[in-house]
Every structure is written in C-alpha cells, then in structure tokens.
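Please look through the sequence and the model below, and then follow the paragraphs with the structure open beside you.

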Amino acid sequence: MVVPRALHVVRRRFCRQVARAAWTFRAYGGAASAAAYPSVRADAGQAAAAPSPKASLPESHEINMRISECRTHAALYSLLLQLRKDGVPMTGVNVATALFMMARKPPTELLEMHRWLLDVLRKRVTDLTVRELPNVLWALPRLTRNRKDAFDKALLADLAAHCSNHLRSLADPAFNSIILGFAHLGERSEVFWTSAAREIALRSLLAPPQSLANMFWCLGAVAPLSEAVQKEALPGLTSRLLAIAEDLNGTDVGSCMWAAGQILLSHRPLVAALIERAMDLRNDLDDRAIVRVVTAAERLNVLFHDPIYGVLAKVAAARVPKMSWANMIELGTVISPVPYCHEWHNAFLARLQTDLRYLKPHDFVAAVAFLAESTRPPGLLDQIVWHAMTHMDSFDPLQVASLVASMNTMSYADSKFYNKAAKHLNEKDAWRTLPIKDLAETAVALVKRHASNINIRSNVCKALYESTDKIANLHDLVIVMHGLNAFGLSRDDDVIVSIVRRVQDLTMSVDDYPVDIMFFIQEVARIRFGDDGDQEKKKIMALMADSVLRILPSLSGADVAMVAASYCTASIVDLKLFAEIHRKLSVVGALDFQLDDEIGTLLYTMGDLGQLKMNEVAVLTPERLMKMDPEVLSAVTLFGLEATMSPLSKPYPTSILDVIAKRLTAMHDGSESTDDVADDTRWRFCHAAIIWRYLVDHHPMPESVDKLTKRWLSQLVPLSQRPEPSKFAQQVSRELNRLGHVNSLEQWIPELCVHADLVITGTRVVVEVDGPHHYYSVVGSSKPRLRMSTIARHKLLRAAGYRVLVVPHSKWVELGNADARRQWLGAALKALPRHDSSSTSGE
C-alpha cells in the first residue's frame, strides 16, 4: 500500500512535538502540566488549539524565553540587571542561556554581569544537561579571553567532573565542543582528560576528519600530556590521522601540525604525511594554517633544507599585502634565517616601508622586535625612529621598553630617541610597572646610549631595588644585578642587605641552574658596594662557593675560567673551590678548552691570586702555543712571569719560554706578520720582556726578543696615555707636598713600560699606592694578601734601581687623620735604603 505524502508530514510533525515536549519537561524540572502544551492526537495527526504557553509556563522556562528574546545587548543587560536586583532564582539552564547570548558578541558593558552569572552557575552546575554543557563550554572561553581572573579554578574543576560523567552520552559535535572549551580554558583536570582520552580512543575509529583534527588540536592545547592521555588517546588518534591524512583540508592540516609541535610528536610518519598534505594544499591553506605548519616544522626539528619552508614561503610572499602583521611576524621568525626565503623577506620589508605609518602600536612594536633579529634596509631604521618618536604617547610602558631594547640591539646610537623614551617612562612613573627583564634591559640600553639623567637613574635604581624582594629565582636576580651594575649601585646598606637576604633564600634552590649561578657570581663580582660593603660581597661569594662546588664537575673549561675570573674580580679566594680547580687541571682532558683565551683567562686568574702551580701550565703545549693568537700569547707570557714572583712558586718552565721566544723571533724577522697586532698586545709583550730581562735568572732572554720589544716600546711611548689617578693616590700626593716632597702622579717610566703611582721629582723614589684591589682575601682568613701582579711590579721597580715606598690602603685607613699620615710618610721615606732591593716595611 502506498502511504500518502500528507501522512508522512503528519507523522514527522507528531514526532517533533513529542520530542519538544519531552525536552521541555526534562530541562525545566517537569513541573509544567499537560495543559500548558499543545495536546497531540495520534489518530488525526493534528495539534489541537492550545492556550498561549506564556500563561502557565514555569518561572525558569519563562526566564529562559525572556533571555532568548533579547535582540540587543542593551536589552540583555537591562534584563539581567533587573533579575539580579529582584533576586529572581536562576537555574543552571538559565545561566547557560544567558552566557551563550552574552558570548555571541560580548560587549564591554555586559562583562560586569558574567561574574554574577558564574557565581550562580557554581551552585547549579549539576543542573546542566548534555544540551547546555556544550553551550557553556563554548561561551566561557569567549567571555574570559585575556581575563584569567574572571573565574576561579574551583568552577572549572566542578564543570570538568560533571562533564566527565556525561561524555559517553554526547554526540560527536557536542563532545568536540566540550573538549575544545576545556582546551581553550587551559583546564588540565586529570579526571576529565582521563575520561576524555578513553572517548577519543573510541570515537577516533569512526570520527570524520574534522572531528579528528579537533581532538588532536585539543591534545596540543593541554600539552604536556598526562600519562593516561599518552597511552590511551594518542596511539589510536595518530594512527587514524595517518590513515585519513589525504582527506584533511587546509585548516585541519594547520591544526594538526600545530598540535604535533606542541606535544613534540615523535610519530615521524604522521608528521611527514601532514607536511606532504600541506604541500599538496599550499594554495588552499589560509594564512594561519601556513604559520602553524611552518612553526611546527621548525619546532619538530625539520631541517631548513626541507622544501616545505621554501614552498610555503613563496606562497606567503604572494599574500604579504593582505596578511595580518601577527602572522607575518610569527612566520618571519622561522623562515627569515632560511637561505632561500629571500623573496618573502623582501616582500615583508617592502610592505613595512609602505604601511609603517598605519600600523597599530602593538603591531609596530612586534615588527621592530622582529627586525632587531634580522636584516633590514638602511633607510628603514630612520623611518622607525621617526614613527616611534612621533607616536610615543600612544605606546604603553611595556611597548616603549620593548622599542628601547630593540633599537639598542640594532645599534641605533642617536640619543634623542632614548632621551624621549626615558622621559616618557619617567613622566608616567612607569618604571615600577615593568617586568624585571624589561626594566633591566631598558636600564642597560639607556646607560649605553647616554640617555639617563640623575632623576631617571634614581627612579630606575629605586624600581630595581624594590624588585629584589619580589624575585622568585636566581635567574631574575641575575637580571636585576645586571641592571644595577649598568646604572651603578649606590652604597645603600638596605640594598646590600636585601641582596644578601635574597641570595640566602635562593641558595638552596639553585643547584639545577648552573648557568644562573655562574652569571650571578659574575654580576656580584662586578658590582661596587664601597668599602663598607666589601664584607657583604665576600659573604655573598662565600655563600655561592658551595653551590659552585656542587656544579663544578659538570662545567666546561670556559665555565671554570668564568668562575675563576669572577672570584679574581672580587679579590676573593675560596681554597676549597680552587682545590677542586687544581684537581680538574691535573687530570688530562678533565677541562675541555675550546678557545685559547679560555686557557689564558683561567691561568692568569689563578696566577694573579697566587694559586697557580707551575705543573698546571702543562695545558700550554708547544703545539697550542705555536698556533695561539698573539693577543692570548701575550697574556699567557705576562701572567706566567708574574706568577713566579711568589716566594713559593717555581720558575716558569723553560720549554714554554723557548716557544714564546721562537714566536717573538719570528715576529722580529718578519716571518710572522705583526700588522694585526694591537697596541695593548704589544704593551703586554714589552712588559713581559722587561720582567724577563730584570727578574728571570734561569733562562736569559734572546737578543731578538729584546730588539723587537725595544722597537715596539719606542712606538708605544707617544701612545701611552696618562691614566686618571685614584682618590687614594691624590690624598697621598697632597700629604707629600705638605712635607715638601714635590711629586708627579702617574709618571710614565719608559724603560719599564709602566706608570708609577707617584714619583718624587728629582729623585728615583717611587711611592706605590696599593688600594684594596691590589689585595685579595682568603675565605676564613682576615689577613689580606698582595696580588702577584702587584708583587711583580714592586720587584721590577726595585730591580731597575728605584727606591720604592709602598703605602697600603689598610695602613692609610688605620692612621686616620692627616697629621698621623704625614708623620708616617716622613718616617717611611727616611727609612728607605739608598739602593732599594727588598720590600719596605710599608708592604
């Protein structure tokens, strides 16, 4: 029998009305009576006339209809405000509907209502059914975008637990909507994702390509993955994606590549299949998909010679005129270093020159930061500076700080830009609002470009000081110390105590960060606490020595040299630390020196602190010395000879002196070019030759070396510039003048290639003023010791026939007043022997 078409229509209407009535009773509590809804006559298939539903609907249903009927944001805001004011009870379904309506296009005035709705939702989470859950999870990410404080984690945890109980009953679109919502919100509930992993494993067997791509994207959004997700969801999902890779569209390929990059997928066949699919769809990929594919390929260590970069760069180059700046900059950070992507880079620079004046502030700042790390045409830098200075008021403090750092990286030297940026930050009192890293980088740039006055320096230093108590790790403390060193740390006891306290707090948690330990020690060594703060500096270095000892076995030769140089700069010797360095030097191959200057730095440091043993210079093999750069060779020669000045040291090995003499003879004969030898290198060679001539008895200096250094010395005399005398030397000079001993400061002595601190006019009396930096301290000992370079200087002056009076800084401080100092100077000068060949009592 043929069923009339009209009967089919009646049946479909009947089924729809039954389903609608059942949903209404389930969703709104089942409180509505049958009379409130149209009755259904199965025999006739027609709906009888019914009264208006609004007359007898339950309150929650009526509220839902009123919310749904709001056509404008103003009407929705007015309704929600009235409901809140009247204290009308809201069900979870009402809240879900309101959130959905708000999220469709969230205006600013409605954002203040979402907190109230979330407070209601927190109490009615269990009211939500499989119909409302996808809507809520769709709405929340849109309403709370860039507002991480919009709701607490407790609500998300409750929603995750509630959703995990309903995942099996959800259709594929609803399931995808829910996991996408949690992925966007960054919720990593183990309960939810464990249940979701089981569902993904089951649904991936039959799900269409778009659903598979959405599931895979969700896993990337919640990376790193839990063990349950890795074991249950990932194997089946990747296998299914590999099977249907040819059916993915361009957007899905981009999503899958992005997720693979986020979770660092090790499934190489799937990555290769996705890249191949992206190559096939290159003209159909949207801009975001291109960026995702390229960045993921770089993150997954796909080599730059892979054709994916060149092909997609060519496609992107054609789209540059219409591509968003965010996509261009993100793409450029990956493909700009690729050798064969010049076409894209040129197109990017051409658009930047054309559209520079139209860029929004955040796009402009991001473009300048990108250019700081890539090549740029000559005229573009001036355009950038002009635009930045013209629109400075439109940038927020963080953007101004980024511009300053980028321009400094590009070596832009005009101080007008930096002065205006500093003034802008100073007027807004924005220093304290900047993150630690940006604050320190800005401080360094302003100092380097001479764009800081007293007021700016004061405000920046105050902001850096205040940040010490907020520092949570040693890395950030290193950044602050670097900024303080750039601006010059004042002798503020509170700052010193604050830094020491932070070091004490952080010392127990720094063992996993050897690089931070080394750089922190370097910054502490550079900082100037003043005379009263030296003890605090020693305290910090002593605290860090234990941490250095723990990481020393894993350090390279360059790292050990860096640590030793820092302790040398701080004039501190920790015997336990240097004993471990001695042990590493004694083991062949324990320290891997990649560069010669690493060896020179380490041995010079140890020699100057009196810690070098002559058997440790065995690392200076003849083969290495013959290939060594002249600059490093001069330092090695000088420090080696100075290190032998200690009474406990053995003579410098003759084998090394022979190789050095061979190199210098080659320079004298012209067989080794000296055109590229710098003046300071020649000075070190000359100074070393003078020490060799006067103080080395066991191995006479060859005549060729003597002739070469004398020739260089004659050239260096007119180039020698008188250094600025220290305040300590000026004080001693004034007291000598009052005693009637006319003197000259920083007197050049050509035959010795040195500047003497003070020379009494008309005599061969030299007064050496040894400040605190001429001494070093040993941890655990209160007696300071002279550096080897200072001892060598004193011995050299005496060997040349000068009468030397040494004025130690500690003695000068001990004498206290001018009268006592003059009396001591007079007595010391009278006590000098006519032919000085030994140390004075002052030393």
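Leucine 585 lies in helix α30, which covers residues 575-586, in a model that is predicted. The relative accessible area of leucine 585 is 10%, and because buried means under 20%, this leucine counts as buried. Along the chain, 30 residues separate leucine 585 from asparagine 615, and in space their C-alpha atoms are 9.5 Å apart.

A similar reading can be made for histidine 61, which is part of helix α2, residues 59-68. Histidine 61 is buried, with a relative accessible area of 10%, and its C-alpha is 9.0 Å from that of valine 93, although the two residues are 32 places apart in sequence.

Histidine 162 belongs to helix α7, made up of residues 153-164, and its relative accessibility of 11% makes it buried. What does the side chain of histidine 162 reach? It reaches the backbone oxygen of leucine 128, at 2.9 Å. Leucine 128 also appears among the residues that histidine 162 touches, together with Val125, Thr126 and Leu133, once residues up to four places away in sequence are left out.

Histidine 424 sits in helix α22, which runs over residues 415-427, and this histidine is buried, at a relative accessible area of 5%. Its side chain reaches the backbone oxygen of phenylalanine 395 at 3.5 Å, and, when neighbours within four places in sequence are set aside, histidine 424 is in contact with Met392, Asp393, Phe395 and Val400.

One of these contacts, Val400, leads on to helix α21, where Val400 is among the buried residues. Helix α21 has 13 residues, 397-409, and spans 18 Å from its first C-alpha to its last, which is close to the 18 Å expected at 1.5 Å a residue. At the start of α21, a side-chain oxygen of aspartate 396 comes to within 3.1 Å of the backbone nitrogen of leucine 398, while after the helix comes serine 411, with a positive phi near 60 degrees.

Which residues of α21 are buried? They are Gln399, Val400, Ala401, Leu403, Val404, Ala405, Ser406, Met407 and Asn408. An α-helix has 3.6 residues a turn, so residues three or four places apart point the same way. As you look along this list, it may help to ask what covers these buried residues of α21. The cover includes α19 (361-371), α20 (380-390), α23 (436-448) and α22, the helix in which histidine 424 is found.

Technical notes. Residues are numbered from 1 along each chain as its sequence is written. This is a predicted model: local features need pLDDT of at least 70, side-chain atom pairs count only at pLDDT 80 or more; totals for chains, interfaces and linings use all residues. Side-chain values use heavy atoms; hydrogens and water are left out. Helices (H or I, at least four residues) and strands (E, at least two) are DSSP runs, numbered from the N terminus. Buried means under 20% relative accessible area, exposed over 50%, partly exposed in between (1.4 Å probe, protein chains only). A polar contact is a pair of N or O atoms within 3.5 Å; within protein, one must be able to donate a hydrogen and the other to accept it, and residues adjacent in sequence count only if both atoms are side-chain atoms. Contact means heavy atoms within 4.5 Å. The expected span of a helix is 1.5 Å times one less than its number of residues.
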